[in-house]
Amino acid sequence: MLKRDLLELCLLHLMAGGDQYGYELLRRLHAVFPDIQESAIYAILRQLCREGATERYQGETSGGPARKYYRLMEAGKARHAALLETWRETRDALSALGIE
């Protein structure tokens with residue numbers, strides 16, 4: 001599994017718990033993958049929206065710019081399940097080789 005797929009899996013997994021504010025997604029991923037560029041994460045979010053896996057909408061403003069939120073759609077739930085299965089297969093294959 002490539003790093004981009006892992007990032008996509010992480011984003012979809014976070015959204016599976018409910019709608020997420022874009023900056024919060026970025027902050028949470030940076031806590032785990034500090035070397036990832038912000039632009040790479042937003043590129044994946046844009047791609048997920050174009051593919052219909054997620055939907056972006058603007059939340060209420062509180063004196064600043066409108067917040068962009070992301071919601072998981074049915075296609076995103078299916079993509080999440082597929083990526084999760086691929087992750088588990090990869091993890092099991094590496095474990096079988098003694099890589100933990």
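The following conversation goes through the sheet, two helices and two buried residues of a predicted model.

Q: Let's start with the sheet: how many strands form it, and in what order?
A: The open sheet is formed by 3 strands in the order S1-S3-S2, and their pairing is antiparallel.

Q: Which strands stand at the edges?
A: Those are S1 and S2. Each has a single partner strand, so one side of each is left without a neighbour in the sheet.

Q: And how many bridges join S2 to S3?
A: Strand S2, residues 54-58, is joined to S3 by 5 bridges. S1 and S3 pair over 2 bridges.

Q: Which residue of S3 does Gln20 stand opposite?
A: Gln20 stands opposite Tyr70 in S3. Arg56 also has Tyr70 of S3 opposite.

Q: What about Thr54, where does that lie?
A: Thr54 lies in strand S2, and its bridge partner in S3 is Leu72.

Q: Is Thr54 buried or exposed?
A: Thr54 has a relative accessibility of 4%, so it counts as buried; the cut-off for buried is under 20%.

Q: What does its side chain reach, then?
A: The side chain of Thr54 reaches the backbone nitrogen of Cys49 at 3.3 Å. Beyond its neighbours within four places in sequence, Thr54 is in contact with several residues, including Leu12, Met15, Leu45 and Leu48. Tyr70 and Leu72 are also among its contacts.

Q: Switching to helices: what does H3 lie across?
A: Helix H3 lies across S2 and S3. The angle at which H3 runs to S2 is about 105 degrees.

Q: Which residues of H2 are buried?
A: In helix H2, residues 22-32, the buried residues are Gly22, Leu25, Leu26 and Leu29.

Q: Why do they line one face of the helix?
A: Seen down the axis of H2, the buried residues fall within an arc of 100 degrees, so they line one face. As background, an α-helix has 3.6 residues a turn, so residues three or four places apart point the same way.

Q: What covers the buried residues of H2?
A: The cover includes helix H1 (3-16), strand S1 (20-21), helix H3 (38-50) and strand S3 (68-72).

Q: One last residue, His80: where does it lie?
A: His80 lies in helix H4, which spans residues 74-96.

Q: Buried or exposed?
A: His80 is buried, with a relative accessible area of 12%.

Q: Which residues does His80 touch?
A: Not counting residues up to four places away in sequence, His80 touches Leu9, Leu12, His13 and Ala16. Leu12 is also in contact with Thr54.

Terms used:
Residues are numbered from 1 along each chain as its sequence is written. This is a predicted model: local features need pLDDT of at least 70, side-chain atom pairs count only at pLDDT 80 or more; totals for chains, interfaces and linings use all residues. Side-chain values use heavy atoms; hydrogens and water are left out. Helices (H or I, at least four residues) and strands (E, at least two) are DSSP runs, numbered from the N terminus. Buried means under 20% relative accessible area, exposed over 50%, partly exposed in between (1.4 Å probe, protein chains only). Contact means heavy atoms within 4.5 Å. The arc is that of the directions from the helix axis to the C-beta atoms. Two strands pair if DSSP finds at least two bridges between them. Axes are lines fitted to C-alpha atoms, for helices over the stretch in contact, and angles run from 0 to 180 degrees between N-to-C directions. A polar contact is a pair of N or O atoms within 3.5 Å; within protein, one must be able to donate a hydrogen and the other to accept it, and residues adjacent in sequence count only if both atoms are side-chain atoms.
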